[in-house]
Structures are given as structure tokens and as C-alpha cells.
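User: Please take a close look at one part of this model, the packing of its helices. Then set that part against the rest of the fold.

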Amino acid sequence: MNIIAVQGVSKVFRQKKGRRLLRDHVRDIVSRNQPDGFHALRNVSFTVSQGESVALVGANGAGKSTMLALICGLATPDEGTVEVHGPLAALLELSSGFHPDLTGRENVMLNAAFLGLHKRQALEKFASIVEFSEIESFIDQPLRTYSAGMAMRLGFSVAVHCDPALIIIDEVLGVGDSAFQQKCMERIHELRRDGKSLLCVSHSIPLVRELCSRAIWLHEGSVVMDGAVDEVMGPYEEFMLNPHGLRGGLRGAALPKLGARASSTD
Ligand SMILES: Nc1ncnc2c1ncn2[C@@H]1O[C@H](COP(=O)(O)OP(=O)(O)OP(=O)(O)O)[C@@H](O)[C@H]1O
Ligand SMILES: [Mg+2]
């Protein structure tokens, strides 16, 4: 069963370039132009099945976080469709979902409610959430006083205690210290054994190799490769060590040759 189905997705960010005349807007509407648009994603398609653990990899600006934002419903695609079947818990950049003026305790309760727990269920799990995060002595302090790692500890702990069918992680594991990162890895392995799905973004090649069985490589908004982690990470690592080594980068003729299960037709 597919837990995520992304079909022909494009996302264009408009770039403001000063004032424009009304006739320019009318011309764009009539000709269906996308004025000053920047394609963060171009015709991206992939599916993630239940129990699969997939990494989205790619250089800075490749479109990874944009793709996760579409999957989490924080943005809408300009073309194509994104379907998610089942409850998801997301740990996105900048510990989204937490309010800086609320205490750790209040944020846990609020976040648990967003993730679908009733108040009674959240209260039952509260002690276990705080214990896992190991930040008991700060739990009644406002979140703005937390370090990035402390906020991530709490966010990860809430997410994994809410029994999501799919967990989405954008890079944030990197801000945890090595002891906590290890703990997160073990917990993610447990979730995988329980048949949960994982979609994660990371620049850490060892982390991707450890956590994921499949990798999707995005470059300038398009899928370059989609396949088994060992097939994709070799060429990806080679490219990242020497991004200008391939003549013309990954544009044009190089793209189809690299595609193992390339889903982008651009
Ligand atoms: N709200 C926005 N407005 C305009 N452009 C945006 C917006 N969000 C993202 N972009 C652009 O879309 C492209 C993809 O951004 P995205 O954040 O998805 O990259 P990324 O692959 O997550 O990169 P990183 O590895 O640095 O996190 C970038 O060029 C970025 O400038
Ligand atoms: Mg990003």
C-alpha cells in the first residue's frame, strides 16, 4: 500500500521584481505564463510504500524541503498531486510546530493534540515523552530558552510517541549530540520494525545509508535517480565531491543515463 503518492508535481515560487504594469499581469493570465517564476520542483513523481524508509538527497537548494512541505500539507503544488494515506509526524527545519513563548510542557500537550492524541492520551504519555527527551529539568521553561538540540529532543520524542504511520524528518537529527542521535537511530529502527514508513532528508551520507533502504536524488528540482540506497549514494557522493566534474553538471544528456528508476521526465 502506498503511504505517499507524488504525481507530476511542480512548485513555482514567484520572484518579485519591482512594480509591473496591469497589461503585463493581463498578458500573463491570458497566455498562462508563470511570471518571474522559479521552479523549485519540476514534474516530480514517486511513491513510498508502507514500511519503506526513503531518503531525499540533493545539494543545497535542490528542492528537498519544498517537497516535504508539500507532503506535510504546508504548501500546495502548482501542478500535479500529492496524496498521503495515514497520520504523519513531521520534524521539519527550525523545530516547526513549537511555540517559543510556551513552556516545554505546554508545547508537548499542544503538539500531541496536533498529532491526533486526546488530552487523556497525551497526559498518559507525557512522562514517557519527557523521559525520552532527557530534558526534565527544563520542561517548565519557555521554549525560546532551549538550545536547538533540546528543542529537537522534545520534538522527536513527541513525534515518536504519537504512533504515526509515517515519520518525516528534515535534517534536524544533526543538531542532537551523538548520544541522542544514537538513541534516535535506535528508535527509528524500532519504528521500521513495526512497519512504519520514514521519509528523511539528510546531507549525512552515513546516516542515510544506516536508516534508509532507498534514496531519491533531487537536483535543481528534478529527480536524477530513484533506487536502492547503495545504487544511488555512490554516484551521488561522487557528484557531491566534484559537482562540476560532469560536463554541464547534471543538466541535459547526463540526466537519463544516471536514472535507475528516474521518475522525472523533465
Ligand atoms: N518561500 C520561498 N520563496 C521563494 N523561493 C523559495 C521559497 N522556498 C524555497 N525557495 C527556493 O526553492 C529552492 C529549493 O529550496 P529548498 O528549501 O526546498 O531546498 P533544499 O533542497 O531543502 O536545500 P537545503 O539542503 O539547503 O535545505 C531554493 O532555490 C530556494 O531558494
Ligand atoms: Mg532544506
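Analyst: A crossing is left-handed if the near helix is turned anticlockwise from the far one by less than a right angle, and right-handed if clockwise. The model is predicted: local features need pLDDT of at least 70, side-chain atom pairs count only at pLDDT 80 or more, and totals for chains, interfaces and linings use all residues. Residues are numbered from 1 along each chain as its sequence is written, while chains are lettered from A and ligands numbered from 1 in the order in which they are written.

Start with α4 and α5. Helix α4 covers residues 119-133 and helix α5 covers residues 148-161 (helices are DSSP runs of H or I with at least four residues, strands are E runs of at least two, both numbered from the N terminus). Their axes come within 8 Å and cross at roughly 135° (axes are lines fitted to C-alpha atoms, for helices over the stretch in contact; angles run from 0 to 180 degrees between N-to-C directions). That makes α4 oblique to α5 (under 35 degrees is roughly parallel, over 145 roughly antiparallel, 65 to 115 roughly perpendicular, the rest oblique). The crossing of these two helices is right-handed.

Which residues of α4 and α5 make the contact? On α4, they are K125, S128, I129, F132 and S133. On α5, they are R153, L154, S157, V158 and H161 (contact puts C-beta atoms, placed from the backbone, within 7 Å). This contact is mixed: four residues are nonpolar, four polar and two charged (nonpolar: Ala, Val, Leu, Ile, Met, Phe, Trp, Tyr, Cys, Pro; charged: Asp, Glu, Lys, Arg; polar: the others, Gly among them).

Next, α3. Helix α3 spans residues 104-114 and packs on α4 at about 125°, with the axes 11 Å apart. That makes α3 oblique to α4. The crossing of α3 and α4 is right-handed. V108, M109, A112 and A113 of α3 meet A122, F126 and I129 of α4. The chemistry is uniform here: seven nonpolar residues, no polar and no charged. I129 of α4 is listed in the contact with α3 and also in the contact with α5.

Now α2, which packs on strands. This helix lies across β3 (53-57), β6, β7 and β8 (214-219), and runs at about 150° to β6. Those strands belong to an open sheet of six, in the order β5-β6-β7-β3-β8-β9, with mixed pairing (two strands pair if DSSP finds at least two bridges between them). Its edge strands are β5 (88-91) and β9 (222-228), each pairing on one side only. Neighbouring strands of this sheet are turned by 15° against each other on average, direction ignored. Strands β6 (166-170) and β7 (197-201) pair in the parallel sense over five bridges. Within that pair, D170 has V201 of β7 as its bridge partner.

Helix α2 also meets ligand 1. F13, F38, A40, G58, N60, G61, A62, G63, K64, S65 and T66 surround the ligand (each with its C-beta atom, placed from the backbone, within 6 Å). The largest share of this shell, three residues, comes from α2. Both α2 (64-71) and β2 (37-49) supply at least two residues each. By class, the shell holds four nonpolar, six polar and one charged residue.

Strand β2 leads to the other sheet. That sheet is open, with three strands in the order β2-β1-β4 and antiparallel pairing. β2 and β4 (79-84) stand at the edges with a single partner strand each, so one side of each has no neighbour in the sheet. Neighbouring strands here are turned by 20° against each other on average, direction ignored. β1 (residues 2-14) pairs with β2 over nine bridges, in the antiparallel sense. V6 has F46 of β2 as its bridge partner.

How values were computed. Contact = placed C-beta atoms within 7 Å.
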